[in-house]
Amino acid sequence: MPEITDHQNGIIQVKISMSFPLRWVNSYVLRESEGVTIIDPGPHTPDNEEEWKQAFAELGMAFSDIRQIVLTHHHPDHLGCSGWLQQLSGCKVWMSERSFQETLLMWGPGSTIQTDLLKLFSSQGMPEEWTDQLETHMNGFLAQITPKPEVSFILKGQKFAMGGREWLPIETAGHAPGHVSFYHEESGIILCGDAVLPQISPNVSLMPGSDPEPLQSFMQGLQKLKKFEVSTAYPGHRSSFQHFDDRLETLLLHHEERLAKLEQLIASGPASGFELCISLFSSKLGIHQMRFAMCETLAHTRELERRGRITSQSGTDGVARYYIC
């Protein structure tokens, strides 16, 4: 039985299982006069099908009660079960158009993300012992997002109805292009997905074919979110929290400190992206965490290049190395 928490404010939190280290994703059920809205239903696995069946039984609901599913972004731990639940209920599935473009980039017909990622990592000095694992790793997500939903698009700047309330969609990027948080002005509640997390820093990845400057986009998104008076934030992972403004400042400072550390590493001698990744995060990682670490490192080197602090050159071995300007 998944852990279910009724926050007594129209928001029901359902913890749907996912892999270590996060362990669960927060799905939210919002009751309304005719059915319910589900936000981010978690990755699609046989175990999670059972968790949703148990959750609906505990809540006294049927799959036919699902009026709509809303996705904050395209990552498998958020999008995953939406197609399966749509097939059971016939409901609409909503996401931003930009997020849908990322879905196609990752898993659409003709997607070249596997070969593009391998080329990127190889050009950054990642050894074959790691790159040889990428295809199997990336293919492992396919079952978690199958079947894919038929989607409708959330319109920018237009209020969106969920759970008997009108919410303002706030689109940001960095963690995921097209990520949408939902803000209810009267209560100060924000459903912030992975845009802001209370204890960990959301992963910011440079992905081939996606946002070319993801860290700048992420930090701009945090500044955008600072404009809203938030009483309680309901994130995609971990627990709800009240210190939203402080958390925004902490995340901004965290990335400035990481940029400074990376620049210091490069000042001690030219280094490849992979060498910098190992210095920042360690080599004692599985392929899943290594991909995140590598893409995050490259998001930071790209930001230092954008700021004119470092430059890169490819050597005779085809590997790019970073230098202080």
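So, S27 sits in strand β3, which covers residues 24-32. A quick word before I go on: this is a predicted model. Is S27 buried or exposed? S27 is buried, with a relative accessible area of 0%. Its side chain reaches the backbone oxygen of D40 at 2.4 Å. And leaving out residues up to four places away in sequence, S27 touches I12, Q13, V14, I16, I39, D40, P41, G42 and W52.

Let's stay with D40 for a second. You'll find D40 in the loop between β4, residues 35-39, and α1, residues 46-59. What's odd about the backbone there? Well, D40 isn't a glycine, and yet its phi is positive, about 55°. For anyone who hasn't stared at these angles lately, most residues other than glycine have a negative phi. D40 also counts as buried, because its relative accessibility is 2%, and the cut-off for buried is under 20%.

Okay, zooming out to the sheet around S27. There's an open sheet of 7 strands, and the order is β1-β2-β3-β4-β5-β6-β7, with mixed pairing. So which strands are at the edges? Those are β1, residues 4-6, and β7, and each of them pairs on one side only. From one strand to the next, the twist averages 25°.

Here's one pair from that sheet. Strand β5, residues 66-70, and strand β6, residues 92-95, run parallel and are joined by 3 bridges. If you want a spot to click on, I69 stands opposite V93 in β6. Then we have helices on the sheet. Helix α3, residues 82-89, packs there and touches β4, β5 and β6, and its direction makes about 165° with that of β5. Helix α4, residues 97-107, packs on the sheet as well, touching β6 and β7, and its direction makes about 95° with that of β6.

Next, a peptide bond I'd like you to look at. As a rule, most peptide bonds are trans. The one from T146 to P147, though, is cis, with omega near 0°. Where is P147? P147 is in the loop between α7, residues 134-139, and β7, residues 151-153.

Moving further along the chain, we get to R238. R238 is in the loop between β12, residues 232-235, and α9, residues 244-267. R238 is not a glycine, but its phi is positive, about 70°. Buried or exposed, then? R238 counts as buried, at 16% relative accessibility.

And α9 takes us to another sheet. This one is an open sheet of 3 strands, in the order β13-β15-β14, with antiparallel pairing. β13, residues 271-272, and β14 stand at the edges with a single partner strand each, so one side of each is left without a neighbour in the sheet. α9 packs on this sheet, touching β14 and β15, and the direction of α9 makes about 95° with that of β15.

Let me take the two pairings in turn. β13 and β15 pair in the antiparallel sense over 2 bridges, and S272 stands opposite R321 in β15. Then strand β14, residues 310-314, and strand β15, residues 320-324, pair in the antiparallel sense over 5 bridges. In that pair, S312 stands opposite Y322 in β15. The hairpin of β14 and β15 has 5 residues between the strands, and G318 there takes a positive phi near 80°.

Last stop, two helices. How do α8 and α11 cross? The axes of helix α8, residues 214-225, and helix α11, residues 287-306, come within 7 Å and cross at roughly 85°. That makes α8 and α11 roughly perpendicular to each other. Which residues make the contact? On the α8 side we have P214, L215 and Q216, and on the α11 side A299, H300, E303 and R306. By type, the residues of this contact divide into 3 nonpolar, 2 polar and 2 charged.

While we're on α11, Q289 lies in that helix too. Q289 counts as partly exposed, at 31% relative accessibility. And to give you a sense of distance, Q289 and F56 are 233 residues apart along the chain, with 33 Å separating their C-alpha atoms. Okay, that's my tour.

Conventions
Residues numbered from 1 in each chain as written. Heavy atoms only, no water. Axes fitted to C-alpha atoms, helices over the stretch in contact; angles between N-to-C directions. Helix = DSSP H or I, 4+ residues; strand = E, 2+ residues; numbered from the N terminus. Parallel < 35°, antiparallel > 145°, perpendicular 65-115°, else oblique. Contact = heavy atoms within 4.5 Å. Nonpolar A, V, L, I, M, F, W, Y, C, P; charged D, E, K, R; others polar. Pairing = 2+ DSSP bridges. Buried < 20%, exposed > 50% of the residue type's maximum accessible area, 1.4 Å probe, protein only. Polar contact = N/O pair within 3.5 Å; in protein donor to acceptor, adjacent residues only side chain to side chain.
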